[in-house]
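Visitor: I should like to learn how to read the features of a helical model. May we go through them in order?

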Amino acid sequence: MSLSVVSEPVVATSPPIWSDFALCKDKTHLFFGPAGERPSRRRKREALARSYCSVCPVASPCREAGRTGHENGLWGGENEEERAAMGYTPRATERRSVAAAARESREAAALRATA
């Protein structure tokens, strides 16, 4: 009598990460605007994106990822200007408003350090 062994392929699975539960999946066009986007169009797009963030179960870790990763776009309900104003400047500051927010944040930090 011979035994035959049938082996099943072993599939490695990784544990889920916060982005697996994000409501924004497949909606990147709402969270990352096109180059040269007009301010009025951007406000409308970001308002719709924020409506997803406001009910998303992983908005907090998403927001933190946007901050610590110095990302562009809307992350956890925050855009680049909001993150830059808190000291989390994106790697690329394409808009003047982002650069201004980052500059104001640095100036405020310098004032606090000398006070």
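Guide: The discussion below moves from the overall fold to one helix, and then to side-chain pairs. Please bear in mind throughout that this is a predicted model.

Visitor: Let us begin with the fold. How many helices and strands does the chain have?

Guide: The secondary structure comprises 5 helices and 0 strands. Read from the N terminus, the order of elements is α-α-α-α-α. Of the 115 residues of the chain, 28% count as buried. Among contacts with a separation of 6 or more, 32% are between residues 24 or more positions apart.

Visitor: Which residues of α2 are buried, and how should one read their arrangement?

Guide: The general idea comes first. An α-helix has 3.6 residues a turn, so residues three or four places apart point the same way. Now the case in hand. Helix α2 covers residues 39–53, 15 residues in number, and spans 20 Å from its first C-alpha to its last, close to the expected 21 Å. Its buried residues are Arg 42, Arg 45, Glu 46, Ala 49 and Cys 53. Viewed down the axis of α2, these buried residues fall within an arc of 100°, so they line one face of the helix.

Visitor: What covers that face, and what lies on the other side?

Guide: The cover over the buried residues of α2 includes α1 (28–31), α3 (59–68) and α4 (80–85). On the other side of α2, Arg 43 and Lys 44 are exposed.

Visitor: The buried set contains charged side chains. How should I read those?

Guide: Side chains of opposite charge can pair when their charged atoms come close. A search of the whole structure gives 7 salt bridges. One of them joins Arg 42 and Glu 81, with the closest N and O atoms 2.7 Å apart. This pair links distant parts of the chain, since Arg 42 belongs to helix α2 and Glu 81 to helix α4, 39 residues apart. Both Arg 42 and Glu 81 are buried.

Visitor: Where in the chain are the partners Arg 50 and Glu 82, and are they buried, exposed or partly exposed?

Guide: The side chains of Arg 50 and Glu 82 meet in a salt bridge of 3.3 Å, N to O. Here too distant parts of the chain are linked: Arg 50 is in helix α2 and Glu 82 is in helix α4, 32 residues apart. Arg 50 counts as partly exposed because its relative accessibility is 25%. Glu 82, with a relative accessible area of 32%, is likewise partly exposed.

Visitor: Which residues are linked in a network of salt bridges?

Guide: The network links Arg 42, Glu 46, Arg 50, Glu 80, Glu 81 and Glu 82.

Visitor: Which residue meets Glu 78 in a salt bridge?

Guide: Glu 78 meets Arg 67, at 2.5 Å from N to O. Glu 78 lies in the loop between α3 and α4, whereas Arg 67 is in helix α3, 11 residues apart. Glu 78 is buried, with a relative accessible area of 9%, and Arg 67 is buried at 17%.

Visitor: Which residues does Glu 37 contact beyond its neighbours within four places in sequence?

Guide: Glu 37 is found in the loop between α1 and α2. Leaving aside neighbours within four places, Glu 37 is in contact with Arg 42 and Arg 45. With the side chain of Arg 45, the side chain of Glu 37 makes a polar contact of 2.8 Å.

Visitor: How should one read pairs of aromatic rings?

Guide: One considers the distance between ring centres and the angle between the planes; planes over 60 degrees apart count as edge-to-face. The count in this model comes to 2 aromatic pairs. One of them, Phe 32 with Trp 75, is edge-to-face, at 6.2 Å centre to centre and 80° between the planes. Phe 32 lies in the loop between α1 and α2, and Trp 75 in the loop between α3 and α4, 43 residues apart. Phe 32 is partly exposed at a relative accessible area of 36%, whereas Trp 75 is buried at 17%.

Visitor: Finally, is Leu 74 buried or exposed, and which residues does it contact?

Guide: Leu 74 is in the loop between α3 and α4. At 3% relative accessibility, Leu 74 counts as buried. Apart from neighbours within four places in sequence, its contacts are Phe 31, Glu 46, Ala 49, Arg 50, Cys 53, Asn 79 and Arg 83. The C-alpha atoms of Leu 74 and Leu 30 are separated by 8.4 Å, although these residues are 44 apart along the chain.

Methods. Residues numbered from 1 in each chain as written. Predicted model: local features only at pLDDT ≥ 70, side-chain atom pairs only at ≥ 80, totals over all residues. Heavy atoms only, no water. Helix = DSSP H or I, 4+ residues; strand = E, 2+ residues; numbered from the N terminus. Expected span 1.5 Å × (residues − 1). Buried < 20%, exposed > 50% of the residue type's maximum accessible area, 1.4 Å probe, protein only. Arc of directions from axis to C-beta. Contact = heavy atoms within 4.5 Å. Polar contact = N/O pair within 3.5 Å; in protein donor to acceptor, adjacent residues only side chain to side chain. Salt bridge = Lys/Arg side-chain N within 4 Å of Asp/Glu carboxyl O. Phe/Tyr/Trp six-rings, centres within 6.5 Å; stacked < 30°, edge-to-face > 60°.
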